[in-house]
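Colleague: Could you walk me through this model in plain words? I'm new to reading structures.

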Amino acid sequence: MASTETTAKEASDLAGLEAGLDALDAVQTSRTSVRETLTSKVLPPVTAVALVLLVWQALVWIEVAPAYKLPSPSAVWDEVHAAWLQGTLLDYIWTSVSRGLLGFLLALAIGTPLGLLVARVKFVRAAIGPILSGLQSLPSVAWVPPAVIWLGLNDSMMYAVILLGAVPSIANGLVSGIDQIPPLFLRAGRTMGATGLRGAWHIVMPASLPGYLAGLKQGWAFSWRSLMAAEIIASSPDLGVGLGQLLENGRNNASMSQVFLAIFLILLVGIAIDLLLFSPLERRVLRSRGLLVKS
């Protein structure tokens, strides 16, 4: 009886393995139709946004809070329209996005070799690894006061805060990805002569891409949050008005519609960067490893 159950279990496991191999070998030959794309990818977020707006408007109608505390969606839209007519809306967005992307690229240039060094050199890992983990858990806003004192109210201060917030996440993400590489890959690379920088470029980096990409996503999130904290706290005419400063201006003016506008723009930029940059990269990496048959 036990032998029969064991045989049935082995057959089931074999069938599951064959199904998985079939899924890896399967190639999607037909393109996804426009209707299917709209139904699966566009309709759900649009429905969610519509429900949020409906609930928001309902709360305004039943007057759960005074208008100066909870503005209506139309009041926030009027704020958007006014900023557009004044020509300042895109300036708000570009001021923050340009800083955030440049700061993230700088963090990428520093965090990637640092992560490789920590992952591959035991002494460096023992010395710096705990510090990186501690820095990653430190709130980004804590770096703003010392950065202002050290560098003054300028863009260098903004980039310093971004780097201190993003570099640990990128480095730790790469370390995590390298730790998950099967040892067989590394031995095979050394056998074929891929050592040193060649091994890092041809073996280590490609094999650690899933974990590295997760670190990049988290690094961007920390970059964006760090920048918003710096823009809210540090105010100067030389810095211009970014989204964080717009949020602070709304608080100072007791204008909740302006506060909501800044919050929505900050959220919109974060979602757009994820959808346009990180999600396609993630799908490409997963598809190249046979982990994503259909996009």
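Colleague: In what order do the elements of the protein chain run from the N terminus on?
Modeller: Helices (H or I, at least four residues) and strands (E, at least two) are DSSP runs, numbered from the N terminus. The protein chain has 12 helices and zero strands. So, by that definition, the order reads α-α-α-α-α-α-α-α-α-α-α-α.

Colleague: Before we go on, what are the ground rules here?
Modeller: This is a predicted model, where local features need pLDDT of at least 70, side-chain atom pairs count only at pLDDT 80 or more, and totals for chains, interfaces and linings use all residues. Residues are numbered from 1 along each chain as its sequence is written, and side-chain values use heavy atoms, with hydrogens and water left out.

Colleague: Which element of the protein chain has the highest mean pLDDT?
Modeller: pLDDT is the predictor's confidence in each residue, from 0 to 100. For the protein chain the mean is 81, and 81% of its residues reach 70 or more. Helix α1 (residues 2-25) has the lowest mean among the elements, 48, while the highest, 92, belongs to α4.

Colleague: How many contacts does the stretch of residues 1-6 have beyond near neighbours in sequence?
Modeller: A contact means heavy atoms within 4.5 Å. Over residues 1-6 the pLDDT is below 50. Residues 13-29 are also below 50, and that stretch has eight contacts beyond near neighbours in sequence. For residues 1-6, the count is zero.

Colleague: How are the rings of Phe104 and Phe278 arranged: stacked, tilted or edge-to-face?
Modeller: Rings of Phe, Tyr and Trp (its six-membered ring) pair if their centres lie within 6.5 Å; planes under 30 degrees apart count as stacked, over 60 as edge-to-face and the rest as tilted. The structure holds six aromatic pairs. In this one the centres are 6.1 Å apart and the planes meet at 85°, so the pair is edge-to-face.

Colleague: How far apart in sequence are the parts which that pair ties together?
Modeller: Phe104 sits in helix α4 (residues 89-120) and Phe278 in helix α12 (residues 256-288). The pair therefore ties together parts whose separation in sequence is 174 residues.

Colleague: Is Phe278 buried or exposed?
Modeller: Buried means under 20% relative accessible area, exposed over 50%, partly exposed in between (1.4 Å probe, protein chains only). Its partner Phe104 has 7% and is buried. Phe278 comes out at 3%, so Phe278 counts as buried.

Colleague: Which residues do ring pairs link into a cluster?
Modeller: Start from the Phe104 and Phe278 pair, with its edge-to-face rings. Trp220 and Trp224 belong to the cluster too. The full set is Phe104, Trp220, Trp224 and Phe278.
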